[in-house]
Amino acid sequence: MAALTGNVLPLQKYFIIRKKMKKILVVLYSIVALVMIASCNDYETYAEQKEKERDAINQFIKDSAINVISEETFRSQGYTTNLSKNEYVLFESSGVYLQILRKGCGAPLKNGETATVLCRFTEKNIFTDSIQATNNILTFSSVVDKMSVTRSSDSYTASFISGESVMSMYYGSSVPSGWLVPLNYINIGRPKNASEEIAKVKLIVPHSQGQSYASQNVYPCYYIITYEKGL
């Protein structure tokens, strides 16, 4: 009898454990099913993502008390934005919003000119209201983002210089199109004395004019950027 009992008890334990495992598997399958349903419900079309982005930009503009002006008004004001009114000009063709804090010293790039442009910047994800990238911190104090810029009429092409750019470390060598929008309206120079300052702007950039991650994931970014001519 003792021997028989010794065989039965492990068997009972086996079935008890098996029953418990079955219950655990049922729970796990239920969780997986719920996750799959949630994923299906959370799926957004590209049109829905763009609408969500527009809503986020509009909310950012409202929260920041930004006064949006047209390109016509911008032109009539001598291509300036009134800082006391917190003005940003909206470029309808790109969806980029620009505020010029300083036009800067020097002169605009000439037609046909290729130049090295140095930038200090801070990039914020408007969806999360968080800083994603910047070279305005102690860690990157020695790193100024360098890009090679070529002007052809009123169009610009540019790429970050490999190894000399925080942006290229994060997103690759391609320069966000939104970064090039201010170049028609600011000077790119180097200060010759203490009274001269380099150009500085603020930008709201939709994903279509943004860096690679923003473009792929459809989110807008806010930038503060300075522009200075390299040697």
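This passage describes the fold, the aromatic pairs, the charged side chains and some individual residues of a protein chain in a predicted model.

The protein chain contains six helices and nine strands. Of its 231 residues, 35% count as buried. Among the contacts in the protein chain with a separation of 6 or more, 61% are accounted for by residues that lie 24 or more positions apart.

The count of aromatic pairs comes to eleven. One of these pairs is formed by tyrosine 79 and tyrosine 185, whose rings are stacked, with 5.5 Å from centre to centre and 25° between the planes. This pair links distant parts of the chain, since tyrosine 79 belongs to the loop between α3 (71-76) and β2 (87-91) while tyrosine 185 belongs to the loop between α5 (177-180) and β8 (199-205), and the two are 106 residues apart. Tyrosine 185 also forms a stacked pair with phenylalanine 91, in which the centres are 5.6 Å apart and the planes stand at 20° to each other. Because phenylalanine 91 lies in strand β2 and tyrosine 185 in the loop between α5 and β8, the pair ties together parts of the chain that are 94 residues apart in sequence. Both phenylalanine 91 and tyrosine 185 are buried, whereas tyrosine 79, with a relative accessibility of 34%, counts as partly exposed. Through ring pairs, Phe74, Tyr79, Phe91 and Tyr185 are linked into a cluster.

Tyrosine 79 is also marked by its backbone, for its phi is near 60°, a positive value in a residue other than glycine. Valine 218 likewise is not a glycine and has a positive phi, of about 55°. Most residues other than glycine have a negative phi. Valine 218 is placed in the loop between α6 (212-217) and β9 (221-229), and, at 4% relative accessibility, valine 218 counts as buried.

Valine 218 is also one of the residues in contact with glutamate 53, which lies in helix α2 (residues 46-63). When neighbours within four places in sequence are left aside, the contacts of glutamate 53 are Phe127, Pro206, His207, Val218, Tyr219 and Pro220. Glutamate 53 is buried and yet has no salt bridge, the nearest side chain of opposite charge being that of arginine 54, at a distance of 6.6 Å. A salt bridge requires a side-chain nitrogen of Lys or Arg within 4 Å of a carboxyl oxygen of Asp or Glu. Phenylalanine 127, which is in contact with glutamate 53, also takes part in an arrangement with lysine 52, whose charged end sits over the phenylalanine 127 ring at 5.5 Å from the ring centre.

Elsewhere in the model, the count of salt bridges comes to six. In one of them, glutamate 197 is joined to arginine 102, with the closest N and O atoms 3.9 Å apart. The two partners come from distant parts of the chain, glutamate 197 from the loop between α5 and β8 and arginine 102 from strand β3 (residues 96-102), with their positions 95 residues apart. Both are partly exposed, glutamate 197 at 45% relative accessibility and arginine 102 with a relative accessible area of 25%. In another salt bridge, the side chains of glutamate 113 and lysine 229 meet at 2.8 Å, N to O. Here too the pair links distant parts of the chain, with glutamate 113 in the loop between β3 and β4 (114-125) and lysine 229 in strand β9, 116 residues apart. Glutamate 113 is buried, having a relative accessible area of 18%, while lysine 229 is partly exposed at 28%. A further salt bridge is formed by aspartate 129 and lysine 124, the closest N and O atoms of which are 3.4 Å apart. Aspartate 129 counts as exposed, at 53% relative accessibility, and lysine 124 counts as partly exposed, with a relative accessible area of 23%.

The count of disulfides comes to zero. Two cysteines, cysteine 105 and cysteine 119, are buried, with relative accessibilities of 8% and 0% respectively.

Phenylalanine 140 is found in the loop between β5 (130-134) and β6 (145-152) and is buried, with a relative accessible area of 17%. Apart from neighbours within four places in sequence, phenylalanine 140 is in contact with Arg120, Thr134, Asn135, Val166 and Met169. The C-alpha atoms of phenylalanine 140 and serine 165, which are 25 residues apart along the chain, are separated by 9.8 Å.

Key
Residues are numbered from 1 along each chain as its sequence is written. This is a predicted model: local features need pLDDT of at least 70, side-chain atom pairs count only at pLDDT 80 or more; totals for chains, interfaces and linings use all residues. Side-chain values use heavy atoms; hydrogens and water are left out. Helices (H or I, at least four residues) and strands (E, at least two) are DSSP runs, numbered from the N terminus. Buried means under 20% relative accessible area, exposed over 50%, partly exposed in between (1.4 Å probe, protein chains only). Lys and Arg count as positive and Asp and Glu as negative; His and the chain ends are not counted. Contact means heavy atoms within 4.5 Å. Rings of Phe, Tyr and Trp (its six-membered ring) pair if their centres lie within 6.5 Å; planes under 30 degrees apart count as stacked, over 60 as edge-to-face and the rest as tilted. A charge sits over a ring if NZ of Lys or CZ of Arg is within 6 Å of the ring centre and within 35 degrees of the ring normal. A disulfide is a pair of cysteine sulfur atoms within 2.5 Å.
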